[in-house]
Amino acid sequence: MAKLFINESKKEGHINPELYGHFAEHLGRCIYGGIYVGENSDIPNTNGMRNDVVEALKELKIPVLRWPGGCFADEYHWKDGIGPKEKRKKMINTHWGGVVEDNSFGTHEFMELCKQLGCKTYINGNLGSGTVQEMSEWVEYMTFDGVSPMADLRKENGQEESWKIDYFGVGNENWGCGGNMRPEYYADEYRRYQTYVRNYKADEKIHKVCCGANAGDYDWTEKVLKITHESAPEHLHGFMDGLSLHYYVVPINWQTKGSATDFKAEMWYQTMKKALHMETLVSRHEAIMDKYDPDRNISMIVDEWGCWFDVEPGTNPGFLYQQSTMRDALVAGITLNIFNKHCNRVKMANIAQMVNVLQSVILTEGEKMVLTPTYHIFNMYKCHQDATLLESYIKTEEVGTEENKVPNLHESVSMDEEGRIHITLNNLSLTEAYDIQTVLTEREIKSVKAEILTNDMTAHNTFAEPNRVHTESFDKVEINKREISFQIPPCSVMKICVE
């Protein structure tokens, strides 16, 4: 029997709701057709936003949305996406699929979407191909209430009141698609550009996000932090509020990523091993950040993460459209557990991406919509938003194949404001169920409510069979004073609420 120990009296940190954030790029059918269909569409919509998608996302309590990219951000010129839609510039999306981008979804539409979702805004500025003036004017256009050319332009375009920017990314992947820069060069550019991301409202601070590393590029983190902190006033913390990190789970390699739905047990465990590598990445980047920011004023922002497989056969390779199976569900569960356990440094994360792209939570096809297994994980895990991380430990054993060994179980535990304890537990084994005995330090348990997501490893939802993978209530839990006992099936994720 595996034992899960929970010390409910030891509170280890606050889990920001933004850890459960999302990302929407002008890529494939994420925005167009996935979220936005236009006001004249036959698909039911509100100001152009699909009603079904918005309602499904609201159920997840989406805390924050990142836009417009991604690689698209560093070639996006915001003035192309404002004003009358018939006059907006058309361009070729050279990064993603070579299709026409008509800019009908721009700043006003993004703010409308966030308003409908009730979420915070995270905008990524163009440092790679844009100017300091362009970035500065965009911030002014969105947030300035006084008399100025940009504020007047916003009002001419129908928005009298300014908006709130919660987070602003100064460039994206500037080590790659955002300009192929060296860390020294980017750090100097960051210092220059961020100067003009002004806080026009004293009570509405824009949290500035500096472009961080690609996966295990610890040298980038070291050099960027060193240069941004040189001669910087101590209270400005290197002129940043957050430092980003990107990591994708690619089972094989970037040339041959593997099928999203057709794989064997060996590939399952290889994927789990790569998902668990997030723990190493966060810990090592965290250690570097601690050197320059020991008081943890700078947040780690993992604003791109998720599985990246080969596209579905017959689809545009530049659209990055892939299915989502139980394998994706376990990757999501593991990753969110890791973020929870590092909540004192990791303050925001954004899965890539929201709809129809990579590890999306929703798939659409015309007027049809499907919720993926990853959607159900986010729905189960939303109980951790704004909760307090509790000390927990579970005894594990290795499972997998000779080349790819992983721990059989993975967990995180939190307590919400009402005192309820929430356990999220993953069984990474494809073949073995495990008896679990959960022991609390002090509390005598009154009641337990649990749900589970489980199926075959390749199981996924399709438009023909949209509910093959779904959560179900789980009532096979025994209570004995400070203990609960149950059995977790193979290839499954459980959420348990203890009162």
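Where does Asn-180 lie? Asn-180 sits in the loop between strand 9 and helix 5, and it appears in one of the views below.

The model shown here is predicted, so local features need pLDDT of at least 70 and side-chain atom pairs count only at pLDDT 80 or more, while totals for chains, interfaces and linings use all residues. Residues are numbered from 1 along each chain as its sequence is written, and side-chain values use heavy atoms, with hydrogens and water left out.

**View A. Helix 3 and its surroundings.** Let us start with helix 3, residues 132–143. Helices (H or I, at least four residues) and strands (E, at least two) are DSSP runs, numbered from the N terminus. The expected span of a helix is 1.5 Å times one less than its number of residues. For the twelve residues of helix 3 that gives 16 Å, and the end C-alpha atoms are 17 Å apart, which agrees. Eleven of the twelve residues are buried, where buried means under 20% relative accessible area, exposed over 50% and partly exposed in between (1.4 Å probe, protein chains only). Among the buried residues of helix 3 are Val-132, Met-135, Trp-138 and Tyr-141. Their cover includes strand 5 (64–67), helix 2 (107–117), strand 8 (120–125), helix 4 (149–156), strand 9 (167–170) and helix 5 (183–194).

**View B. Helix 3 against helix 4.** Two packed helices are described by the angle between their axes and the distance between the axes. Axes are lines fitted to C-alpha atoms, for helices over the stretch in contact, and angles run from 0 to 180 degrees between N-to-C directions. The axes of helix 3 and helix 4 come within 8 Å and cross at roughly 55 degrees. That makes helix 3 oblique to helix 4; angles under 35 degrees count as roughly parallel, over 145 as roughly antiparallel, 65 to 115 as roughly perpendicular and the rest as oblique. The crossing of helix 3 with helix 4 is right-handed, meaning that the near helix is turned clockwise from the far one by less than a right angle, with anticlockwise giving left-handed. Glu-137, Glu-140, Tyr-141 and Met-142 of helix 3 are in contact (heavy atoms within 4.5 Å) with Pro-149, Met-150, Ala-151, Leu-153 and Arg-154 of helix 4. By class, this contact has six nonpolar, no polar and three charged residues. Here Ala, Val, Leu, Ile, Met, Phe, Trp, Tyr, Cys and Pro count as nonpolar, Asp, Glu, Lys and Arg as charged, and the others, Gly among them, as polar.

**View C. Helix 5 against helix 6.** Helix 5 packs on helix 6 (residues 218–229) at an angle of about 40 degrees, with the axes 9 Å apart. Helix 5 is therefore oblique to helix 6, and their crossing is right-handed. On the helix 5 side, the meeting residues include Pro-183, Tyr-186 and Arg-191, and on the helix 6 side they include Trp-220, Val-224 and His-229. The residues of this contact divide into seven nonpolar, two polar and five charged.

**View D. Helix 2 and its partner, helix 1.** Ten of the eleven residues of helix 2 are buried, so the rest of the structure largely encloses it. Phe-110, Met-111 and Cys-114 are among those buried residues. Helix 1 (residues 51–59) and helix 2 have axes that come within 9 Å and cross at roughly 55 degrees. Val-54, Leu-57 and Lys-58 of helix 1 meet Leu-113, Gln-116 and Leu-117 of helix 2. Four nonpolar residues, one polar and one charged make up that contact. Just after helix 2 comes Gly-118, with a positive phi near 70 degrees.

**View E. Backbone details in the loops.** Asn-180 has a positive phi of about 50 degrees although it is not a glycine, and Asn-180 is exposed, with a relative accessible area of 64%. Asn-47 also has a positive phi of about 50 degrees without being a glycine. Asn-47 is found in the loop between strand 3 (45–46) and strand 4 (49–50) and is partly exposed, at 44% relative accessible area. The peptide bond from Gly-69 to Gly-70 is cis, with omega near 10 degrees, and Gly-70 belongs to the loop between strand 5 and strand 6 (91–92). Another cis peptide bond joins Ala-352 and Gln-353, with omega about -10 degrees.
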